[in-house]
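User: I am new to this structure and would like a close look at a single part of it. Please take one helix together with the loops and side chains around it, and explain your terms as you go.

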Amino acid sequence: MTAAYEVLAIRYATRTASRAAMFLNHHVYGEPDTPIDMDFYFWVARNEDHTVVIDTGYGAAGRTGRKRRTELAEPMAALADLGVHPENAPQVIATHAHYDHIGNLAGFPRSEIVIGRAEFDFWTGPYARRQQFAYTTEPTDLAHLSEVRDQGRATFVDRQTTVAPGIEVIPVGGHTPGQLIVLIATETGQAVLTSDAAHYYEEIELDRPFTWLTDLEGTYRAYELLRELASEPGRVLVAGHDPDVMRRFPSDGQIARIA
């Protein structure tokens, strides 16, 4: 029997934007543009046998040249406060390669890094340098992905894969070419971390794509899969950037306890 995991969402930054900036072609919905908050998270799943860090937040490079945010915690310090230390080489799942998800990957020099094969291939390939793609990444972060591969620490996935007992990843694409969602066994069922396959719950509920994506059709397919997963008893969805995460789940300070 697979041991259940404690699953935590750590909120490390927040910002206020507009709905027109957050949702693709917002004007087609015929709704007024209003403010909307965006939270920044990474996640930890752990039990007595295994600790997994899901994404690592943005690092020093990601703090410069970006839109104004209120920083609530430094990701590596927040992990240390939870007793998660790089020297113990926890497994790290990189759901995708945007700056706010792999910014501290270099802080885990001994860890196995799980990443979608399509994600790695795209962001280490020639089109990653085009401005529309490059805006959401940091060159140093992308260069580090190649270092991880060369060190033999990368685990590439191109289909639904069990990466640890009780933890599966599914490449869905859409937002990025190899965007992953993560399914984690809990005491009550399964937590589904959407990461940026769905930044906000309303993306799934209203079929409303986020503004940044690489494949619109793939984005809609990801929403369909997430709706299907959410229909199963015992499963809970955890959106990637939605402030509602802190309201839907018990929270203490900047940490929401998913399970």
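Analyst: What follows is a walk along one helix and then outward to the residues around it.

This is a predicted model, in which local features need pLDDT of at least 70 and side-chain atom pairs count only at pLDDT 80 or more, while totals for chains, interfaces and linings use all residues. Residues are numbered from 1 along each chain as its sequence is written, and side-chain values use heavy atoms, with hydrogens and water left out.

The part chosen is helix 8, which covers residues 216–230; helices (H or I, at least four residues) and strands (E, at least two) are DSSP runs, numbered from the N terminus. Its 15 residues should span 21 Å at 1.5 Å a residue, and the end C-alpha atoms are 21 Å apart, which agrees; the expected span is 1.5 Å times one less than the number of residues.

The buried residues of helix 8 are Gly218, Thr219, Ala222, Tyr223, Leu226 and Leu229. They cover an arc of only 145 degrees around the axis, which puts them on the same side of helix 8, the arc being that of the directions from the helix axis to the C-beta atoms. In the terms used here, buried means under 20% relative accessible area, exposed over 50%, and partly exposed in between, with a 1.4 Å probe and protein chains only. An α-helix has 3.6 residues a turn, so residues three or four places apart point the same way. On the face turned away from the buried side, helix 8 carries the exposed residues Glu217 and Glu228. The buried residues of helix 8 are covered by elements that include strand 10 (180–186), strand 11 (189–195), helix 7 (201–206) and strand 12 (235–239). At the start of helix 8, a side-chain oxygen of Asp215 comes to within 3.2 Å of the backbone nitrogen of Glu217.

The loop between helix 7 and helix 8 holds Asp207, which counts as partly exposed at 31% relative accessibility. Leaving aside neighbours within four places in sequence, Asp207 is in contact (heavy atoms within 4.5 Å) with Tyr29, Glu202, Tyr220, Tyr223 and Arg227. With the side chain of Arg227, the side chain of Asp207 makes a polar contact of 3.4 Å; a polar contact is a pair of N or O atoms within 3.5 Å, where within protein one must be able to donate a hydrogen and the other to accept it, and residues adjacent in sequence count only if both atoms are side-chain atoms. Most residues other than glycine have a negative phi, and most peptide bonds are trans. Asp207, however, has a positive phi, near 55 degrees, although it is a residue other than glycine. Ser195, in strand 11, likewise has a positive phi, of about 45 degrees, without being a glycine, and Ser195 is buried, with a relative accessible area of 1%.

The loop between helix 7 and helix 8 also takes part in a salt bridge, a side-chain nitrogen of Lys or Arg within 4 Å of a carboxyl oxygen of Asp or Glu. Glu31 forms a salt bridge with Arg208, with the closest N and O atoms 2.9 Å apart. Glu31 lies in the loop between helix 1 (19–22) and strand 2 (35–46) and Arg208 in the loop between helix 7 and helix 8, so the pair ties together parts that are 177 residues apart in sequence. Arg208 is buried, with a relative accessible area of 6%, whereas Glu31 is partly exposed at 35%. Both belong to a network of salt bridges that links Arg19, Glu31, Glu202 and Arg208. In the whole structure, a search finds 15 salt bridges.

Thr219, one of the buried residues of helix 8, is also touched by His175. His175 is found in the loop between strand 9 (167–171) and strand 10 and is buried, with a relative accessible area of 6%. Not counting residues up to four places away in sequence, His175 touches His96, His98, Asp196, His199, Phe210, Trp212, Leu213, Thr214 and Thr219. The side chain of His175 also makes a polar contact with the side chain of Asp196, at 3.5 Å.
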